[in-house]
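User: Hi! I'm new to this structure and would like to walk through it with you. Could you show it to me, please?

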Amino acid sequence: MSSGSIVSSTCARCRPVKPVSVAAYPRLRAVAFRVAQSIPVVIGVVVISFLLTRTLPGDPAAYFAGAAADEASIAEVRKALGLDKPLIQQFFIYVGDLMQGDLGQSISSGRPVATDLASRLPASLELTLTALILSCGIAIPLGILAATRPGSWVDHLCRVLVTAGVSLPTFFTGIVLIYVFYYLLGIAPSPLGRLDFIYLDPDRVTGFYLIDAALMGDWETWRGAAKQLILPAITLALFTLAPIARMTRAAMLTALSSDFIRTARAAGLSRGTILYGYAFRNALLPVVTTLGMVFSFTLGANVLVEKVFAWPGIGSYAVEALVVSDYAAVQGFVLAMALLFVALNLVIDLLYTAIDPRIGFSSK
Amino acid sequence: MLSVKDLAVSFQTRRGTVDAVRGISFDLAKGEILGIVGESGSGKSVTSYALMRILDAGGTIAAGEATYSGIDLRRAAERDMRDIRGREISMIFQNPRAALNPIRKVGHQIEDVLRRHARATRQDARAKAIAALRAVRINDAEARYDAYPFELSGGMCQRIVCAIALACDPRLLIADEPTTGLDITTQKAVMDLVRDLIRERGMSSILITHDLGLAAQYCDRIMVMKDGVIVEQGDPVQIFSAPQHPYSRKLVDATPRVGESIRSLLPPEDRKAELPHHVHDRPLVEVRNLTKTYRGSSGPVHAVKGISFSIKQGQSVGLVGESGCGKSTTSEILVRLMDATSGEILFDGHDIAGIPAQGFARNPRRAEIQMVFQDATDSLNPRHTARQTIADPLHRLGGLRGAKLATRVEELATLVGLPLPLLDRFPHQLSGGQKARVGIARAVALEPKFLILDEPTAALDVSIQAVVLNLLVDLRAKLGMTYLFVSHDLHVVRLLCDHVIVMKAGEIVEQGPAQDVMSNPQHDYTKTLLAAAPKPPARRQVA
């Protein structure tokens, strides 16, 4: 039906004059559209996180006034926190502050929530990303191998590893790793945060210790940070291995049984080209989808790992804030996560269009 | 050039070993085009995969020899086979769109083959790929180089598959059902192209097809396969005029040809006298200025552009055209599964175009207009037995319950010739022909006045198509139904229909009595369609 427009766009693309701008323009518009689509989501998150924190059981004023407080001092604290005002007014104050980039003051840590998040979010991201890179590095090749030889020992090994990884709870794997590598073998450093106290924190640029240390050229600190990172990263990686390996295997099996693989074989293409150039690129789409999902749930669910390794991450921060009804901190956390997920989904959508030319043509 | 001796192929499955090919022998001379004809499951495709050694997992050459120019294809190392594939022996496949990597530019896919067989370097690959595109007569080859398969039509995709196969000048081309799923004019264009290229380059070729007529037109020699063995081989004219084996005779009979009646599709012993059907003067369905416009991403798409026709009670009307001509849209609007943009549909004198399709299931006329769908497999609920499928409309629209329902279902099964023990089977336990019967039984369950048949035999083997078509003819006479038969196959339409409507690009280009349109077409498009259909050699009259 729309062959006319398609033909003209393909012709436009192969014209030698500035092919990038022609191809990039609709893509840019698509990006802008996707970003615009996320605005209502963010507004919704602001409203819901505000309301949810208000419905939490427990009274922060009573908590912070202390055990010996009487009615009057609790009321005083409540007034100081601004909790005596009507709900709608509290909301507008909150939104007004938000507009100025002020996420409020954490009552438990006594610092602005924005500062807390800025120090803790990179810690969580560094851990999660390292774990995912590690996990992909093992899971994807394993999935491909398992798909090329279904029923072989590689396939069975893949299945065993995947089942073990997903069935052992992360805190258990973490503790076992600490017991073996720290207590018994003494290879790993003590599981106390991101950097041993003998090192100084690297100058803050990105908040990722590995990157900051590398930027400074301080390889000593880099090694120290890496040592701290490796055990919690392995713990998380083992847990995330399962969905990625499974999806890679399934997607590769589907791709390898497609008609176009038979065409490629009949044309005498080499095994490598068929496997990676043809099958794997087609299998990437579901793998990327899974990766996005795994990333989101790990980021939210790595509280246990953070606790076991005393990792100053965002998950443990949120749990602590929730326990003491620290409204500003909880709202800040929820908002930060929501923004992160919106960004993540955007990145995944863009990856789709990069992988699959069919997407983007049909999008309206 | 190619010599096959006692070739046997077997597959290891969970239910034991299955012998797909059971000892076949043939030779192929240089420059010869050999046709392998058979119905599904005859082992014709497996034979070609075995020659290329690209059998699916579990498939092995169990016995026999296959020699190509002195090379033992059965025992050659995999590395050598990879050099032979694409450079010496190439293949083109059915369903061309799926046969191309969907996310790689077609030009790059051609380059992959050229580079693999060292026919091009990084510098000249692009130029050579474009030359390969030109060789398969693709217009504007340079622009097409950057196209992805989803941007091209089916016929164009098949040309690309040909370009990939022929890029390295192989000496043998195996074409596995190269035109299945393509329109009839596209089929002719692709087949003519393949034949011309084969002749120009002095190549040999094996054409694998289920269409005996197509094979007869393009091949020097035909082999008929059934259940993994060759039952007959010889010259096409000879096979058509005097088939020796009962199976090839059955196939020849079942292939629709000019000047044959619908009963002659069946084996002689099954030919009963055709029951007459009565065409009344009163129109049952009148369509006036029917239009359908879709909102497309690049402006409105006019699928149906104001068509008018009428169908008399008891008449069988054929609606013919190629994909995208609007025939499926028209039939879906008539069966009230889709709403028209404008226009009237008078059914029995009442306008039903105004009743929204969504609520038509609750309309009393629902029972009077029914449909038989194209794909017998996909249009049956896989979790319902044949009995449940047939009972469904009786139960919902007819209000039948209990013993009455059971009796009626069995009556219907008998009517469509479905053995009663099969009623409790699920679709996957039935053959293609049996599934078609279930679909027909479901459609006629409520004795509709008007039955729309959307390519009901397109997915069936020819011998089964013959049986199903004859069943439809019998039912028409017994139940006095009016048919709208939607098809792309003019031969089939001619056999079944009194009146033919030819559609092109949303418009009716020609309509009239079937015999007139077929023997004396007025519009150029109808002439093109008729000319494109494969013409099997006339059969010598067998007493």
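User: Is Arg408(B) buried or exposed?

Analyst: Happy to help, and please keep in mind that this is a predicted model. Buried means under 20% relative accessible area. Arg408(B) has a relative accessible area of 17%, so Arg408(B) counts as buried.

User: Which residue meets the side chain of Arg408(B) in a salt bridge?

Analyst: The partner lies in helix α13 (residues 402-416) of chain B, as does Arg408(B), three residues apart, about one turn of the helix. At 45% relative accessibility, this partner counts as partly exposed. The N to O distance of the salt bridge is 3.0 Å, and the partner is Glu411(B).

User: How many residues apart in sequence are the parts that Lys105(B) and Asp146(B) tie together?

Analyst: These two residues form a salt bridge, with the closest N and O atoms 3.4 Å apart. Asp146(B) is buried, at a relative accessible area of 12%. Lys105(B) sits in the loop between β6 and α3 (106-116) of chain B, while Asp146(B) sits in the loop between α5 (141-144) and α6 of chain B, so the parts tied together are 41 residues apart in sequence.

User: Which residue forms a salt bridge with Glu88(B)?

Analyst: The closest N and O atoms of this pair are 3.3 Å apart. The pair links distant parts of the chain, 83 residues apart, with Glu88(B) in the loop between α2 and β6 (89-92) of chain B and its partner in the loop between α6 (154-166) and β7 (172-176) of chain B. The partner is partly exposed, with a relative accessible area of 34%. It is Arg171(B).

User: How many salt bridges does the structure hold over all chains?

Analyst: Besides those pairs, there is a network of salt bridges linking Arg137(B), Lys188(B), Asp192(B), Arg195(B) and Asp196(B). Over all chains, the total is 42.

User: Which helix gives the largest share of the largest nonpolar core?

Analyst: This core has 215 residues, and Phe485(B) is one of those with the most contacts inside it. Among the residues that Phe485(B) touches are Val317(B), Leu453(B) and Leu496(B). The largest share of the core, 13 residues, comes from chain A, from helix α15 (residues 327-355).

User: Which element supplies the largest share of the lining of the second largest pocket?

Analyst: About 920 Å³ of space lies in this pocket. Its lining has 26 residues, and those nearest its centre include Leu256(A) and Asp56(B). By class, eleven are nonpolar, six polar and nine charged. The largest share, four residues, comes from α11(A).

Methods:
Residues are numbered from 1 along each chain as its sequence is written. Chains are lettered from A and ligands numbered from 1 in the order in which they are written. This is a predicted model: local features need pLDDT of at least 70, side-chain atom pairs count only at pLDDT 80 or more; totals for chains, interfaces and linings use all residues. Side-chain values use heavy atoms; hydrogens and water are left out. On a 1 Å grid over the protein atoms alone, a cavity is a set of points where a 1.4 Å probe fits but cannot get out, and a pocket is an open set with protein on both sides within 12 Å along at least five of seven lines; lining residues have an atom within 4 Å of a point. Grid points are joined across faces, edges and corners, and a volume is the space filled by probe spheres set on the points. Helices (H or I, at least four residues) and strands (E, at least two) are DSSP runs, numbered from the N terminus. Ala, Val, Leu, Ile, Met, Phe, Trp, Tyr, Cys and Pro count as nonpolar, Asp, Glu, Lys and Arg as charged, and the others, Gly among them, as polar. A nonpolar core is a set of buried Ala, Val, Leu, Ile, Met, Phe, Trp, Tyr and Cys residues joined through side-chain atoms within 4.5 Å. Buried means under 20% relative accessible area, exposed over 50%, partly exposed in between (1.4 Å probe, protein chains only). Contact means heavy atoms within 4.5 Å. A salt bridge is a side-chain nitrogen of Lys or Arg within 4 Å of a carboxyl oxygen of Asp or Glu. Lists of a residue's contacts leave out its neighbours within four places in sequence.
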